[in-house]
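The exercises below each set a task and then work through a solution step by step. Try each task with the sequence and the structure in view before reading on.

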Amino acid sequence: MTDTNVILFFVGLLLFLSVVASSLSRFGPPLLLIFLMVGMLAGQDGPGQIDFNNVPLAFFIANLALAIILLDGGLRTHLQTFRVALWPALSLATVGVLISASLAGAFIAFWLDLDWRYGLLLGSIVASTDAAAVFSQLRNSGVTLNQRVSATLEIESGTNDPMAIFLVTFLLATIDASKAFSASSIFSEIAAQFGIGIAGGLLLGYALSFLAARMQLVEGLYALLVASGGLMAFTAINQLGGSGFLGIYLVGLVVGNRRNPATEHVFRVMDGLAWLAQAGMFLVLGLLVNPHQLWSHAGSAALVALFLMFVARPLAVWLSLLPFNFPSRELGFISWVGLRGAVPIVLSLFPLMAELEGAQFLFDITFAVVLVSLIVQGSSLAWTARQLKLQVPQEPGPAASFGFLGRRGHSYVLLAFRIQPASSLAATQGEALQRFEGLRCIAVTRSAHLLFPKAHFVYAVGDLLYLVTPAKHSDELGKLFRGDTKHAPEARRFFGSFTLRGDAAMSELAVVYNLGLSEHHWELSIADYMRRRLKRRPVEGDVVDVDGLRLTVRSLHAGIIETVGLQLHDDSEAETEPKSAKRRPSAPPAKGR
């Protein structure tokens with residue numbers, strides 16, 4: 001009993017210290033790096049003096065944690081994200097990983113004077129980005145990226161594990177020479193990893209969401225139902241020869257996008273489980289490493305990490321995304337956010353478990369590469385996004401949201417919205433709310449007082465309204481409570497001083513600003529003109545420069561550009577001088593707002 005208490009005490013102590021130390025993340029270090037460092041300090045080379053070298057146990061804990069993290073990541077991924085970035089992300093997750101692994105493997109074999117198979121093995125181990133690292137950094141960096149970039153990174157990190165795992169297991173078998181491989185067997189193995197992973201994830205995800213929608217459970221048990229169902233799907237797909245990591249991510253995607261009574265409860269509980277999984281996994285992996293062994297390979301690991309950051313990853317990104325017309329700034333940022341985290345460390349456990357000669361060397365190099373990646377790339381994520389001007393102003397959303405089902409099966413939500421200074425709702429009796437069918441304001445919080453609005457109640461700026469409404473009204477309500485925020489300093493700097501309707505004619509803009517448009521562009525709307533220039537699906541923040549003007553996509557509806565921000569040459573960074581020195585008017589054409 002004493003031994004049990006001691007073990008539980010140290011487990012609690014490590015988690016407690018990790019959570020307390022996480023407050024340092026606001027000064028730059030990524031949270032996952034902090035968890036990793038706490039584990040290293042608790043190990044046998046640190047003051048904790050914990051001697052932990054159980055590789056199979058560490059492998060089990062890491063796989064369990066990654067499954068939970070990917071399930072949570074899938075739950076929080078909107079289906080709209082897949083519509084925007086599915087194919088670019090899949091290209092990165094397959095072709096990109098293969099290119100990055102090949103380039104890194106060739107460099108490692110040459111620089112470290114290794115057998116080419118060992119070089120490619122180490123290159124494959126460090127080739128994939130890590131879902132835990134990417135999800136965590138994107139959500140905690142304080143930066144709002146445009147949808148195409150954030151979606152591409154999140155989907156890539158959740159789907160690139162099958163290719164990396166296949167490459168590692170294939171190369172291990174090749175080195176061991178116990179199994180012969182042919183081109184057909186390689187192709188069938190890749191097809192099985194992705195095919196069974198996708199089919200199993202979607203099928204089991206629909207089954208789990210169907211079950212969750214029809215079971216009456218205690219509130220806290222819905223998350224356990226989804227987590228346990230996801231883990232069963234993970235293991236079943238693995239046993240069938242598919243990628244369990246891809247499968248459980250898709251299970252989360254399906255459950256999270258099919259509204260049911262479990263959804264809101266699951267989000268709240270899964271957030272805590274995901275953080276526990278990340279903290280536990282990085283603590284265990286930190287315990288497994290001996291820092292004194294890393295120092296002897298520090299120089300080699302640093303060179304490998306730098307090659308990945310500045311050569312292998314950028315080339316892989318550029319070649320993989322070449323058909324998708326990504327702007328150079330976005331390509332640069334996606335290249336820089338090739339974060340390495342738990343996945344490469346877990347993959348480096350494969351050679352240790354196979355008792356491959358030199359496996360400890362591969363593990364030490366991988367661990368050091370991950371440390372360099374988290375320190376250099378993870379800590380500079382927000383700074384890089386700002387330097388590349390990819391940060392999109394974040395609009396305030398609901399202060400709280402809770403979903404439930406109406407009596408007739410229609411999906412309703414309880415939303416809390418605060419009236420912003422620019423909202424037309426301020427100083428009115430709520431006439432604007434009456435156009436939303438099925439909406440009811442049940443309470444208002446004003447200056448710490450709870451009020452129940454009746455007839456002739458006048459709303460004020462800063463009021464927090466609690467609304468029961470059909471879920472379909474959520475976006476429109478957000479716009480109503482935000483109001484016209486085009487005059488906010490941050491929005492004006494990003495979008496420009498004026499807002500135009502997307503259906504306004506380019507000919508009007510050309511006349512007012514003396515633009516040199518070609519004949520076939522003259523009769524297009526601004527939205528159609530921008531889409532033709534962009535040559536890709538537009539997202540908020542996309543930019544088109546035309547004769548000294550900068551047009552920026554401000555809002556979309558059903559994928560169609562609804563409003564556009566206009567920056568004049570004087571307040572934008574467009575490099576092209578206007579064709580005419582004629583004085584420009586101080587307002588946009590008549591159809592602008």
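**Exercise 1.** In this predicted model, decide whether T77 is buried or exposed, and then describe its surroundings.

*Solution.* Begin with the relative accessible area, which for T77 is 3%; because a residue counts as buried under 20%, T77 is buried. Next, find T77 along the chain, where it sits in the loop between α3 (55-75) and α4 (79-111). Then look at the polar atoms: a polar atom of the T77 side chain lies 2.7 Å from the backbone oxygen of G73. Finally, set aside the neighbours within four places in sequence, and the residues in contact with T77 are F82, E154, Y249, L253 and N257.

**Exercise 2.** Work out how helix α2 is oriented towards helix α17, and which residues make the contact.

*Solution.* First take the axes of α2 (residues 31-42) and α17 (residues 359-379), which come within 10 Å and cross at roughly 140°. Since angles over 145 degrees would count as roughly antiparallel and 65 to 115 as roughly perpendicular, α2 is oblique to α17. The crossing in which α2 passes α17 is left-handed. On the α2 side the contact is made by L33, L36, M37 and M40, and on the α17 side by F367, L371, L374 and I375.

**Exercise 3.** Describe the protein chain as a whole, beginning with how many helices and strands it has.

*Solution.* Counting the elements gives 22 helices and 9 strands. Turning to burial, 52% of the 593 residues count as buried. For the surface, the chain exposes about 27300 Å², of which carbon and sulfur atoms supply 61%.

Definitions and conventions: Residues are numbered from 1 along each chain as its sequence is written. This is a predicted model: local features need pLDDT of at least 70, side-chain atom pairs count only at pLDDT 80 or more; totals for chains, interfaces and linings use all residues. Side-chain values use heavy atoms; hydrogens and water are left out. Buried means under 20% relative accessible area, exposed over 50%, partly exposed in between (1.4 Å probe, protein chains only). A polar contact is a pair of N or O atoms within 3.5 Å; within protein, one must be able to donate a hydrogen and the other to accept it, and residues adjacent in sequence count only if both atoms are side-chain atoms. Contact means heavy atoms within 4.5 Å. Helices (H or I, at least four residues) and strands (E, at least two) are DSSP runs, numbered from the N terminus. Accessible areas come from the Shrake-Rupley method with a 1.4 Å probe; for residues, only the protein chains shown count as cover. Axes are lines fitted to C-alpha atoms, for helices over the stretch in contact, and angles run from 0 to 180 degrees between N-to-C directions. Angles under 35 degrees count as roughly parallel, over 145 as roughly antiparallel, 65 to 115 as roughly perpendicular and the rest as oblique. A crossing is left-handed if the near helix is turned anticlockwise from the far one by less than a right angle, and right-handed if clockwise.
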